[in-house]
Amino acid sequence: MLVKQSWWKKSQQINYASRASIDSTIKRPFTLNLKTLNDTARAMVAPGKGILAADESTATIKKRFDKIGIENTWAHRRAYRDLLFTTPGFEQYTSGVILYEETLFDKALDETPIAKLLASKGVIPGIKVDMGAKPLAGGAPEETVTEGLDGLRERLEKYKAAGARFAKWRAVITIGEDAPTDYAIHVNAHALGRYAALCQEADIVPIVEPEVLMDGDNDIDTCEEVTDLVLAAVFGELYAQRVALEGIILKPNMVIAGAQCNNQNDVEEVAERTLRVLRRHVPSAVPGIAFLSGGQSDILATAHLDAMNKAGNLPWGLTFSYGRALQAAAQKAWSGKNVEAGKAAHLHRARMNGLAALGKWDTSLEKSA
Ligand code: 5MM
């Protein structure tokens, strides 16, 4: 068994079923505005639209800028994100944008507040609220737990006042020699539950992102097994922590072999296995699933999404919330100089993924572009 059976597993694992029966008579101390949450969540997965993940922390955007030889200054980050958000027509394929805190409170180059600019195009502003994945004490060496719960209730009020209507929290699960441990899966799932409950209290839709990293040498079977365990734990915590599933978006990894694995599976197999795991764990009350790209090439990320939507008959909206797979081409084309080429590359990838969200993409569309 890949996942370590920790000594405490049997004695301390939460029994969600019995907890639910004890708690079912306890009322929330506040009224959940389920209609607002559900309306926002459904708008985030509107047909043919998906979410642009432009919430790179300052350290992560540095890695992206290093590749194109751009210095990581506030002025460059502002200029680059202005390029993304002023791309003519991107709103046809983009329901929302996940912003980093700096950007939410920033202004576009024409001095319009970014949140106002996005809202004027019908694009919903969102905010990454986690404070990053930090080493997990007592876990396997590479394991992390995502931090950021302290003071989150107060931060959410500030973000809402600035225009954010949804939030994102990313938990990272690593596949390795001794990982993942049950411990890492459960502390990360618990934090996702706490974050999601706080968001809903503030009328903010939580994007729940449990990312099983896809950059190791593991095969697709291992990814399927781990994704299965992770989603079971996450939905257990969401239920135990009284999160209304009608008011969340799930942002999962696809079931795929690690990038270093010699045996890469075809598009159909990835699509089939991903849908199989999602059907097992994601209730139809959840309005939508928006995938992360996780290091897949642009075209492969689009092809996988398209194949799943072509399969059809899905109980949830199925779309993209890509970071790298939406932005890599735009960053390269821009390279700090060519704004129009950057916008053209961004629009093209947004359009391709919008078509994939409908199951109407075809590889010939890439060639003709
Ligand atoms: C855009 O990258 C996001 C922020 O990452 P950091 O916290 O490390 O700066 C990331 O959370 C992203 O939203 C998702 O993981 C999806 O991105 P990819 O590139 O995997 O599609």
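Me: Where is the place of R242?
Reply: Happy to start there, and keep in mind that this is a predicted model. Helix α10 covers residues 220–240 and strand β8 covers 249–250. R242 has its place in the loop between α10 and β8.

Me: Is R242 buried, partly exposed or exposed?
Reply: R242 has a positive phi of about 60° although it is not a glycine. Its relative accessible area is 29%. Buried means under 20% and exposed means over 50%, so R242 counts as partly exposed.

Me: Which residue in the loop between α9 and β7 has a positive phi although it is not a glycine?
Reply: The phi in question is about 65°. The residue is partly exposed, with a relative accessible area of 26%. Its place is in the loop between α9 and β7, and its name is D203.

Me: Which peptide bond is cis, with omega near 5°?
Reply: Look at the loop between β6 and α9 (182–201), where P180 is found. The cis bond, with omega near 5°, leads into this proline. It is the peptide bond from A179 to P180.

Me: Good, now the ligand. Which pocket does the ligand sit in?
Reply: The protein surrounds the ligand with 17 residues. The closest of these are S57, K128, K168, S293 and G294. As for the pocket, the ligand sits in the largest.

Me: Which strands each supply at least two residues of the shell around the ligand?
Reply: One of them spans residues 166–173, and the other spans 205–212. K168, one of the closest residues to the ligand, falls within the range 166–173. The strands are β6 and β7.

Me: How many charged residues does the shell around the ligand have?
Reply: Sorting the shell by class gives three nonpolar residues and five polar ones. The charged class takes in Asp, Glu, Lys and Arg. The shell has nine charged residues.

Me: What percentage of the ligand's accessible area does the protein cover?
Reply: Side-chain contacts are a good way in: a polar side-chain atom of T60 lies 2.7 Å from an oxygen atom of the ligand. An N or O atom in the side chain of E209 is 2.9 Å from a ligand oxygen, and for the side chain of R324 the distance is 2.7 Å. On its own the ligand has 500 Å² of accessible area, and the protein covers 91%.

Me: Which side chain makes a polar contact with the side chain of Q327?
Reply: Q327 lies in helix α13, residues 324–334. With a relative accessible area of 1%, Q327 is buried. Its side chain makes a polar contact at 2.6 Å, and the partner is the side chain of Y80.

Me: Is E366 buried or exposed?
Reply: E366 has its place in helix α15, residues 363–368. Its side chain makes a polar contact with the side chain of H348 at 3.0 Å. The relative accessible area of E366 is 12%, and the limit for burial is under 20%, so E366 is buried.

Me: How far apart in space are A108 and E366, C-alpha to C-alpha?
Reply: A108 has its place in the loop between α6 (101–104) and α7 (114–120). A108 counts as buried because its relative accessibility is 1%. In sequence, A108 and E366 are 258 residues apart. In space, their C-alpha atoms are 30 Å apart.

Definitions and conventions. Residues numbered from 1 in each chain as written. Predicted model: local features only at pLDDT ≥ 70, side-chain atom pairs only at ≥ 80, totals over all residues. Heavy atoms only, no water. Near = heavy atom within 4 Å. Polar contact = N/O pair within 3.5 Å; in protein donor to acceptor, adjacent residues only side chain to side chain. Areas by Shrake-Rupley, 256 points an atom, 1.4 Å probe, with all protein chains shown as cover. 1 Å grid on protein atoms, 1.4 Å probe; cavity = no way out; pocket = protein on both sides within 12 Å on 5 of 7 lines; lining within 4 Å. Sits in = over half its atoms within 2 Å of the grid points. Helix = DSSP H or I, 4+ residues; strand = E, 2+ residues; numbered from the N terminus. Buried < 20%, exposed > 50% of the residue type's maximum accessible area, 1.4 Å probe, protein only.
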